[in-house]
Amino acid sequence: MSEQVPPPFSSKTWSQRQRYAFIENRLYWEGELTRSALMERFGISGPQASDDVARYLELAPQSIEYDRVRKAYIPTRHFQPRVTFPDARQYLTQLLLLADDAIASGDSWLGDVPIHAVMPRVRRRLDTETLRPVVSAIRHRRAIEIRYQSMSTPDPVLRWIAPHALVYDGARWHIRGWCFNKSRFTDFVLARILQIGDSRVSPMDPSLDREWEEFFTIELSPHPDLSEWQRQAIEMDYGMADGVIGIRMRLCMTWYFERHYGLDIPVECLPAARRQIVIRNRAELDALRLSCATSDD
């Protein structure tokens, strides 16, 4: 659930709103709330937990009641989230974060975690001592010297880059920035940086990175070779309207998007049931890419 903070909750402190949001999450997703859950999640006393529930009831009267058998507060028929609004994506994201050890169970608002399984991910190498100076260079507009292992040369190469953004392609993190060796904006895989050396003030203006500044909406449609009922299934799966859904992104991200969903593979190389979706406005995408590449030359 995301925080809406309507009146009169907006007058409360941030910590109070966090506790009210926790109350609503537990009531909405699990159908009950206990004082002990509030106490454990926020490290507060029993009286403080009782006071939070009482004050929540003052602001949202008749929304919850105490069940003496379950020894828990339960939502009434009048219950409506007031601080947050239900979001299935955020609920499932909590499961993903827990499965990936990105958060501890105590940091989640989930209580009775449902039985679930998440496909294991091959984790790419991420080094804190590499990321820290990169983030600093982005923040302070500085160029840094890196020793980088690319796929095009057998040995690591020293090069100066002026990073201006971090990019996630669905599997690994990249640095987006100007490469002084190649005289163009490009991406560098964060895990392939072996060493970071000196830094200096960067003369490059990130707004000159056209592939970063340009946005494009990729239009996805069901594969034309699918049967009618298969196309309907895909339309439901992706939430398409009239057989199409638009995904807006920076132009430089379209390459990763294609690769992630297998859209860069020629249609004839995969059966329709395996590929399932196609880019409907491919010609427009290719034209914009060519325009940006030509302007850089």
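**Notes on the predicted model: loops, helix crossings and H8**

1. Let me start with threonine 76. Leaving out residues up to four places away in sequence, threonine 76 touches Gln62, Ser63, Ile64 and Glu65. Bear in mind while reading that this is a predicted model. Threonine 76 sits in the loop that links strand S3 (72-75) to strand S4 (84-85). Its relative accessibility is 18%, and since the cut-off for buried is under 20%, threonine 76 counts as buried.

2. One of those partners deserves a closer look. A polar atom of the threonine 76 side chain lies 2.5 Å from the backbone oxygen of glutamine 62. Glutamine 62 is itself a loop residue, placed between helix H3 (46-59) and strand S2 (64-67). So this polar pair links one loop residue, glutamine 62, to another, threonine 76. Is glutamine 62 buried or exposed? Exposed, because its relative accessible area is 57%, whereas threonine 76 is buried.

3. Now the backbone. Most residues other than glycine have a negative phi. Glutamine 62 has a positive one, near 65 degrees. Lysine 71 also has a positive phi, near 55 degrees, and is likewise not a glycine. You'll find lysine 71 in the loop between S2 and S3. With a relative accessible area of 60%, lysine 71 is exposed. I'd look at both of these residues on screen.

4. On to the helices. Two packed helices are described by the angle between their axes and the distance between the axes. For helix H1 (residues 14-30) and helix H2 (residues 35-42), the axes come within 11 Å and cross at roughly 135 degrees. That angle makes H1 oblique to H2, because it falls outside the ranges for roughly parallel, roughly perpendicular and roughly antiparallel (over 145). The crossing of H1 past H2 is right-handed.

5. Which residues of H1 and H2 meet? From H1 come Gln18, Arg19, Phe22, Ile23 and Arg26, and from H2 come Ala37, Leu38, Arg41 and Phe42. By type, the residues of this H1 with H2 contact are 5 nonpolar, 1 polar and 3 charged. As for the spacing along H1, an α-helix has 3.6 residues a turn, so residues three or four places apart point the same way.

6. H1 has a second partner in H3. Here the axes come within 10 Å and cross at roughly 80 degrees, which means H1 is roughly perpendicular to H3. The contact uses Arg19, Tyr20, Ile23 and Glu24 of H1, together with Gln48, Asp52, Val53, Arg55, Tyr56 and Leu59 of H3. These residues divide into 5 nonpolar, 1 polar and 4 charged. Note that Arg19 and Ile23 turn up in the contact with H2 and again in the contact with H3.

7. Further along the chain is helix H8 (residues 251-260). Why call H8 largely enclosed by the rest of the structure? Because 7 of its 10 residues are buried. The buried ones are Leu251, Cys252, Met253, Thr254, Tyr256, Phe257 and Glu258. Just after H8 comes glycine 262, with a positive phi of about 70 degrees.

8. Last, the loop between H8 and helix H9 (272-275), where proline 271 is found. Proline 271 counts as exposed, because its relative accessibility is 52%. Its C-alpha atom is separated by 9.6 Å from that of histidine 223, although the two residues are 48 apart along the chain.

Terms used
Residues are numbered from 1 along each chain as its sequence is written. Side-chain values use heavy atoms; hydrogens and water are left out. Axes are lines fitted to C-alpha atoms, for helices over the stretch in contact, and angles run from 0 to 180 degrees between N-to-C directions. Helices (H or I, at least four residues) and strands (E, at least two) are DSSP runs, numbered from the N terminus. Angles under 35 degrees count as roughly parallel, over 145 as roughly antiparallel, 65 to 115 as roughly perpendicular and the rest as oblique. A crossing is left-handed if the near helix is turned anticlockwise from the far one by less than a right angle, and right-handed if clockwise. Contact means heavy atoms within 4.5 Å. Ala, Val, Leu, Ile, Met, Phe, Trp, Tyr, Cys and Pro count as nonpolar, Asp, Glu, Lys and Arg as charged, and the others, Gly among them, as polar. Buried means under 20% relative accessible area, exposed over 50%, partly exposed in between (1.4 Å probe, protein chains only). A polar contact is a pair of N or O atoms within 3.5 Å; within protein, one must be able to donate a hydrogen and the other to accept it, and residues adjacent in sequence count only if both atoms are side-chain atoms.
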